[in-house]
Amino acid sequence: MTTKPDLPPGFFADAMTERVFASVVALAAEVSVLRERVARLEAAQGVAAPDADPARAAESFVADVFGHLAQPLHRI
Amino acid sequence: MNAQPTPAPVAAVSLDPDTVAYQRFIGQMRKLWAGPLYRHLREEAAALEKGSDFEARLAGLPSHQLFGWFEYNLQNLKYSSRRGIAAAVEKHRDRIEAELAKPLPQGRLTENPALAVPDYYQENDFHQHPGGLGGDPIAAVVYRESAGAAGGVVGKAGLHDRFARAATGGAAPKRVLDIGCGFGRSTLAFANLGPEAEAVGVDLSASCVRLAAQIAETRAEGPRTRYIQADGAAVPLPDGSFDVVTSTMLLHEMPPEAIRDLIAESHRLLAPGGVAVHLDFLPPDDAFLTALYNGHSDRNAEPFMRTLAEMDLDADHKAAGFSKVEISDFAEDDGPRGETWRLPWTMIKATK
């Protein structure tokens with residue numbers, strides 16, 4: 001028995017959804033990284049909000065972008 | 001009172017700010033997955049009829065497909081992406097290898113380069129650890145860093161101390177054997193039970209026992225621990241050497257025949273009246289949660305979670321000579337239950 005597949009497993013019913021979702025998550029990850037870079041620059045320049053918190057910022061970013069996945073669509 | 005400076009961790013890995021940001025994103029995505037996405041899936045699953053094909057019908061739900069995507073891919077990204085833990089640790093390889101090779105007091109570490117590693121151990125990248133824990137000298141550091149990143153369960157604060165206390169009922173055993181000790185958190189937790197407690201950690205991974213032994217050097221209880229590279233089914237120590245034989249998150253990484261060998265070996269190693277006590281995962285009596293348990297087995301490179309759940313651990317322990325077997329839920333923290341997905345922590349305790 002081995003658990004080393006040549007290709008990652010698919011989860012969605014069609015391959016295109018799989019690819020698009022993977023792209024969206026990869027894009028969001030990069031945006032999240034860039035948001036933190038901006039926050040660090042702002043802090044270095046003394047223009048950051050006094051209560052800036054990277055963990056809270058990442059949490060609200062993920063909730064804003066992906067939170068609707070757990071809700072009916074009309075509540076986006 | 002002046003605070004003592006905290007010593008630098010053994011084989012410390014400093015992540016660059018972008019990797020920290022990336023791992024933070026993964027961690028927040030995991031919270032979304034374990035919370036709102038899990039609850040949404042549970043609501044939809046409640047409308048499904050229970051029955052023999054429940055798992056297959058659950059798998060047809062789009063919300064389950066999404067849940068599965070998150071579970072597999074977030075773990076994969078955490079470890080293996082461009083900004084994953086494996087790549088971050090790789091940058092420090094030379095220094096880490098040198099730190100893990102530092103001289104240790106006589107007897108602290110026993111390696112066995114000739115150890116015959118079981119096939120199941122070599123063939124699985126357990127929990128998607130790239131390359132497994134066996135071969136790469138820095139694998140243990142990748143494991144440790146991953147355990148502390150993006151919501152990993154092994155890194156849960158206080159988990160090992162909590163289990164050590166629960167496993168022993170507040171008593172302080174003198175001789176403890178910790179099978180599958182990894183990088184030694186569980187071994188140190190048992191050694192911490194009392195000033196007379198001595199703990200031996202064994203693991204198949206040379207990298208893990210090296211890191212465990214080096215970490216022990218930095219801890220007050222460290223001199224009461226030692227580490228051996230060995231198979232838990234064939235520990236090179238005499239009969240009746242221990243009051244407690246334990247493992248933490250090990251059984252679900254082993255096929256049934258290897259677990260039965262470990263049970264028999266633990267019986268041999270225990271003194272009369274000693275206890276074997278394991279912390280692991282078993283599905284509760286709930287079709288939905290069992291389906292997620294089995295799904296985790298499939299999605300997270302944990303093929304033996306399914307077979308562990310099919311074993312009769314009570315009968316297997318009694319067949320090995322144990323007199324009493326107790327299997328109970330284990331609360332890994334004081335948090336509320338039911339609103340987030342969690343692995344079903346279970347304590348298996350058998351008395352010789």
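**Exercise 1. Decide whether Ala301(B) is buried or exposed, and describe its backbone.**

Step 1. Ala301(B) has 21 C-beta neighbours inside 10 Å, so it counts as buried. The cut-offs are these: a residue is buried if 20 or more other C-beta atoms lie within 10 Å of its own, exposed if 12 or fewer, and partly exposed in between, with C-beta atoms placed from the backbone.

Step 2. Ala301(B) lies in the loop between helix 12 (287–299) and helix 13 (304–310) of chain B. Helices (H or I, at least four residues) and strands (E, at least two) are DSSP runs, numbered from the N terminus.

Step 3. The phi of Ala301(B) is near 55°, a positive value in a residue other than glycine. Most residues other than glycine have a negative phi.

A note on the model: it is predicted, and local features need pLDDT of at least 70, side-chain atom pairs count only at pLDDT 80 or more, while totals for chains, interfaces and linings use all residues. Residues are numbered from 1 along each chain as its sequence is written, and chains are lettered from A and ligands numbered from 1 in the order in which they are written.

**Exercise 2. Find where Met249(B) lies, and state its phi and its burial.**

Step 1. Met249(B) belongs to the loop between strand 5 (242–248) and helix 11 (256–269) of chain B.

Step 2. Its phi is near 55°, again positive in a residue other than glycine.

Step 3. Met249(B) is buried, because 21 other C-beta atoms lie within 10 Å.

**Exercise 3. Describe the surroundings of strand 5 of chain B.**

Step 1. Seven of the seven residues of strand 5 are buried.

Step 2. Strand 2 (residues 175–179) of chain B runs parallel to strand 5 and is joined to it by four bridges; two strands pair if DSSP finds at least two bridges between them. Across this pair, Asp178(B) stands opposite Thr246(B).

Step 3. Six bridges join strand 5 to strand 6 (residues 270–281) of chain B, also in parallel. Here Val245(B) stands opposite Ala276(B).

Step 4. From strand 5 the chain passes through helix 11 to strand 6, a right-handed β-α-β crossover. Right-handed means that, with the strands pointing away from the viewer, the path from the first strand over the helix to the second runs clockwise.

**Exercise 4. State how many residues each chain gives to the contact, and which elements of chain A take part.**

Step 1. Chain A gives 23 residues and chain B gives 23 residues. Two residues are in contact if their C-beta atoms, placed from the backbone, lie within 7 Å.

Step 2. In chain A, helix 1 (15–45) and helix 2 (54–66) are the elements that give two or more residues.
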